[in-house]
Amino acid sequence: MLLPSAVAVVLDRTDRRPLPIQVADHLRADIRGGSAVVGLRLPSSRKLAAELGVARAVVERAYEQLIAEGWLVAVRGSGTFVAEAPSSVVLSTPKPTKVVAPAPPQVQLRPGVPWTPPRASAAWRRAWRDVGSMPPPFGDPDPAGDVELRSALSQLLGRARGMAVEPERIVITSGATHGLGLALSALRSPNALLAMEDPGYRSASTAALATGWSLLDVPVDAHGLCVDELESAPRNVRGVYVTPSHQYPTGGLLPVSRRNQLIDFARARDVLLFEDDYDSEFRYDVAPLPALAQLAPDRVVYLGTVAKTLGAGIRLGWLVAPEELARRIAAHRVRIGDFPSLPLQRALLSLLRDGEWDRTVRAARRRYRERDRLVHAALSRFGELRGLGAGMHTTLVLDADVAETVARHALEYGVEVPTLTESARSHKNPGGLVIGYGRVDARDLEYALEVIANCLADHGVESR
């Protein structure tokens with residue numbers, strides 16, 4: 001039995017409450033008032049969402065809220081039904097409903113957290129069988145990394161990024177931040193300054209400080225690092241850390257003209273560039289721009305990782321450096337007893353040879369492309385979206401105070417969304433919400449975007 005007209009839900013787009021809360025409140029009132037009797041079968045979430053003209057996630061969230069409160073019951077394979085009224089509710093004296101904020105958040109829009117295939121693939125199982133068939137490794141591994149893995153990565157970088165890289169220039173690491181720390185440790189000199197994007201990647205700045213470098217914060221704009229600002233930088237700037245493929249966290253794509261300007265600066269001032277090629281695998285509108293390491297291999301330390309493709313838990317990455325610096329880094333690792341795990345390296349080698357890397361990237365690219373479109377459709381009317389068409393996050397630029405207020409409001413409805421302020425250090429940057437969608441499924445993302453859109457409207461952000 002479908003809902004009779006007496007309990008039809010009517011949504012008010014001018015209402016200050018998010019749509020899932022409106023749906024839940026309407027249904028709860030109908031049950032209290034007797035319009036929806038015990039045992040009544042409600043429409044499917046898909047059908048009711050279509051009738052109301054909202055995302056299916058809106059109705060699903062409303063149903064979930066009422067199930068949790070005891071007003072509804074879900075029967076697997078049969079549908080959702082009106083339950084016996086919760087014992088704590090007196091039907092004759094209805095009261096206004098207050099929705100309690102979920103704890104912990106139900107949807108976390110964290111940037112940089114990737115989707116990975118939910119089940120182990122045949123290639124993954126073969127990789128660990130290969131490792132298990134190896135004799136136990138005796139002695140320390142090569143500090144630069146397994147030569148076969150370095151050769152395979154050389155081919156990957158040539159295929160995926162157009163880089164001509166000899167295996168001798170590759171050092172295996174446990175991730176991009178670890179690689180940055182190794183390179184900075186090998187290059188450390190008194191009073192050296194590392195220029196970094198602001199807002200930028202907090203883990204990178206922490207790694208730099210831990211190695212004894214001081215930081216020079218450089219602002220970013222819609223296109224990434226403001227290279228012009230480096231012209232007046234102190235003479236003791238010895239390095240520049242940059243995320244040119246998809247600036248973290250604002251999403252800017254560094255244009256070729258700025259890339260060339262940055263390389264000219266590095267050569268004129270004898271500076272090394274540390275290129276974290278964050279999100280370069282995921283472009284949806286145009287092909288990736290040339291890596292800095294491709295344009296100036298003598299001036300760039302290139303940082304890569306499997307964390308955004310095969311998963312952060314694997315703890316493997318690589319750096320590409322001028323050959324003499326690669327040797328210095330390997331020698332530094334010997335001094336501090338920091339060697340890459342041979343079994344992990346051999347497993348990654350098996351995955352690369354099996355084509356698992358390429359399959360995962362293709363599948364994730366399709367998934368992120370759809371998430372990218374959902375974000376654009378839901379939030380583009382509220383302001384400037386940066387980072388569209390790439391990566392696994394998009395940033396909505398807002399007044400900083402408004403962004404913080406909207407983030408707090410969204411958390412009341414179970415949606416955790418980071419703000420740009422969390423990644424800023426010294427510069428006064430425009431505020432914004434950082435919408436990370438890598439690990440979020442479509443239903444949760446639709447709900448989160450609905451909540452954010454309602455919160456933005458609720459706080460006076462003008463639609464365009």
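A residue is called buried when its relative accessible area is under 20%, exposed when it is over 50%, and partly exposed in between. By this division V402, with a relative accessible area of 24%, is partly exposed, because that value falls between the two limits. The structure is a predicted model, and V402 is located in helix α14. In sequence V402 and G431 are 29 residues apart, while their C-alpha atoms are 7.9 Å apart in space.

The chain as a whole contains 15 helices and 15 strands. Its C-alpha trace spans about 80 × 55 × 35 Å along the principal axes. Of its 464 residues, 54% count as buried. Among contacts with a separation of 6 or more, 75% are made by residues 24 or more positions apart.

Helix α14 covers residues 400–411. For these 12 residues a span of 16 Å is expected at 1.5 Å a residue, and the C-alpha atoms at the two ends are 17 Å apart, so the two values agree. The buried residues of the helix are A403, V406, A407, H409 and A410. They occupy an arc of only 165° around the axis and therefore lie on the same side of α14. D401 and R408, on the other side of the helix, are exposed. The packing partners of the buried residues of α14 are three strands and one helix: β13 (393–398), β14 (415–416), β15 (431–436) and α15 (442–458).

A helix pair is considered next. Two packed helices are described by the angle between their axes and the distance between the axes. For helix α5 (residues 147–161) and helix α12 (residues 342–354), the angle is about 35° and the axes are 9 Å apart. The crossing of α5 and α12 is left-handed. On the α5 side the contact is formed by E148, L149, A152, L153 and L156, and on the α12 side by Q345, R346, L348, L349, L352 and R353. By residue class, this contact comprises 7 nonpolar, 1 polar and 3 charged residues.

The loop between β9 (272–276) and α9 (292–295) holds R283. Its relative accessibility is 13%, and R283 is therefore buried, the limit being under 20%. Beyond its neighbours within four places in sequence, R283 is in contact with S245, L253, P288, R365, G389 and A390. D285 belongs to the loop between β9 and α9 as well. When residues up to four places away in sequence are not counted, D285 touches L388 and G389. G389 is thus listed among the contacts of R283 and also among those of D285. D285 and P135 are 150 residues apart along the chain, and their C-alpha atoms are separated by 46 Å.

Two cis peptide bonds are described here, each preceding a proline. One joins D198 and P199, with omega about 5°. P199 is placed in the loop between β5 (193–198) and α7 (202–210). Another joins Y248 and P249, where omega is about 10°. The loop that contains P249 runs between β8 (237–242) and α8 (256–269).

Positive phi values occur at N191 and at D270. At N191, which is not a glycine, phi is about 65°. This residue is in the loop between α6 (176–187) and β5. The relative accessibility of N191 is 66%, so N191 counts as exposed, the limit being over 50%. D270, also not a glycine, has a phi of about 55° and is found in the loop between α8 and β9. With a relative accessible area of 44%, D270 is partly exposed, because the value is neither under 20% nor over 50%.

Key: Residues are numbered from 1 along each chain as its sequence is written. This is a predicted model: local features need pLDDT of at least 70, side-chain atom pairs count only at pLDDT 80 or more; totals for chains, interfaces and linings use all residues. Side-chain values use heavy atoms; hydrogens and water are left out. Helices (H or I, at least four residues) and strands (E, at least two) are DSSP runs, numbered from the N terminus. Buried means under 20% relative accessible area, exposed over 50%, partly exposed in between (1.4 Å probe, protein chains only). Contact means heavy atoms within 4.5 Å. Axes are lines fitted to C-alpha atoms, for helices over the stretch in contact, and angles run from 0 to 180 degrees between N-to-C directions. A crossing is left-handed if the near helix is turned anticlockwise from the far one by less than a right angle, and right-handed if clockwise. Ala, Val, Leu, Ile, Met, Phe, Trp, Tyr, Cys and Pro count as nonpolar, Asp, Glu, Lys and Arg as charged, and the others, Gly among them, as polar. The expected span of a helix is 1.5 Å times one less than its number of residues. The arc is that of the directions from the helix axis to the C-beta atoms.
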